[in-house]
Amino acid sequence: MRSLRLRLIFGSALVAVVPLALGMLLLSQRIERTVRADGAARLDAALGAMRFELAADAERTQVQLRILARDPTLKRLMLVRTGASRDLSDYLAAQQFLIGLDYLSVSEEGGAAADHGNDAAIIRLAGTPALVLTTSASIPYQNQTVGALHGGRRLDAAFLARI
């Protein structure tokens with residue numbers, strides 16, 4: 001009688017546990033697929049929004065640099081360099097602050113210095129290397145390009161929080 005009782009208990013347990021285990025396995029797989037798909041969709045949405053914001057920020061910076069590149073004071077300070085390099089540095093520092101850039105410089109690229117969109121570059125800011133989203137604008141003077149204005153924003157935690 002004991003063996004019949006044990007067989008019934010074991011059989012009843014088996015009948016209850018196997019479908020439950022199979023159901024749990026199938027349910028857990030379905031939940032995992034759903035969570036992965038939802039996570040991928042959220043990540044794609046976040047990356048898309050970030051790409052859009054980066055592009056918009058780069059476009060705003062590009063427009064600001066194009067306007068600044070046509071500034072007569074910048075052209076004068078750049079073309080007349082007789083001891084005025086300090087004046088040019090001070091002017092660029094003031095414009096950098098006003099525009100809200102982390103990086104602003106000029107180079108004397110003549111001729112082929114064309115405007116270009118956003119690039120990520122490693123630049124030394126305050127003595128330390130930083131990843132900066134940069135853009136450039138040509139500095140025109142009498143139908144020639146006399147230099148290029150380069151500027152950008154640091155890609156750091158504060159930038160990402162702003163985005």
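## Helix α3 and its surroundings

In this predicted model, the buried residues of α3 pack against α1 (2–69), α2 (72–79), β1 (103–107) and β4 (144–154). Those buried residues are Leu88, Tyr91, Leu92, Gln95 and Ile99. They cover an arc of only 100° around the axis, so they sit on the same side of α3. The spacing fits a simple rule: an α-helix has 3.6 residues a turn, so residues three or four places apart point the same way. On the other side of α3, you will find Arg86 and Phe97 exposed.

How does the length of α3 check out? Its 15 residues, 85–99, should span 21 Å at 1.5 Å a residue, and the end C-alpha atoms are indeed 21 Å apart, so the two values agree. Just past the helix comes Gly100, with a positive phi of about 85°.

Here are the partners of the buried side of α3, handy for selecting atoms:

| Element packed against α3 | Residues |
|---|---|
| α1 | 2–69 |
| α2 | 72–79 |
| β1 | 103–107 |
| β4 | 144–154 |

Now to α1. Met24 is placed in this helix, and together with Leu20, Leu27, Ile31 and Val35 Met24 makes a nonpolar surface patch of about 500 Å². Leu14 also belongs to α1. With a relative accessible area of 44%, Leu14 counts as partly exposed, because that value falls between the 20% limit for buried and the 50% limit for exposed. Between the C-alpha atoms of Leu14 and Gly48, which are 34 residues apart along the chain, the separation is 50 Å.

Conventions:
Residues numbered from 1 in each chain as written. Predicted model: local features only at pLDDT ≥ 70, side-chain atom pairs only at ≥ 80, totals over all residues. Heavy atoms only, no water. Helix = DSSP H or I, 4+ residues; strand = E, 2+ residues; numbered from the N terminus. Expected span 1.5 Å × (residues − 1). Buried < 20%, exposed > 50% of the residue type's maximum accessible area, 1.4 Å probe, protein only. Arc of directions from axis to C-beta. Contact = heavy atoms within 4.5 Å. Patch = residues over 30% accessible without salt bridge, like charges linked within 9 Å, V, L, I, M, F, W, Y side chains within 5 Å. Areas by Shrake-Rupley, 256 points an atom, 1.4 Å probe, with all protein chains shown as cover. Salt bridge = Lys/Arg side-chain N within 4 Å of Asp/Glu carboxyl O.
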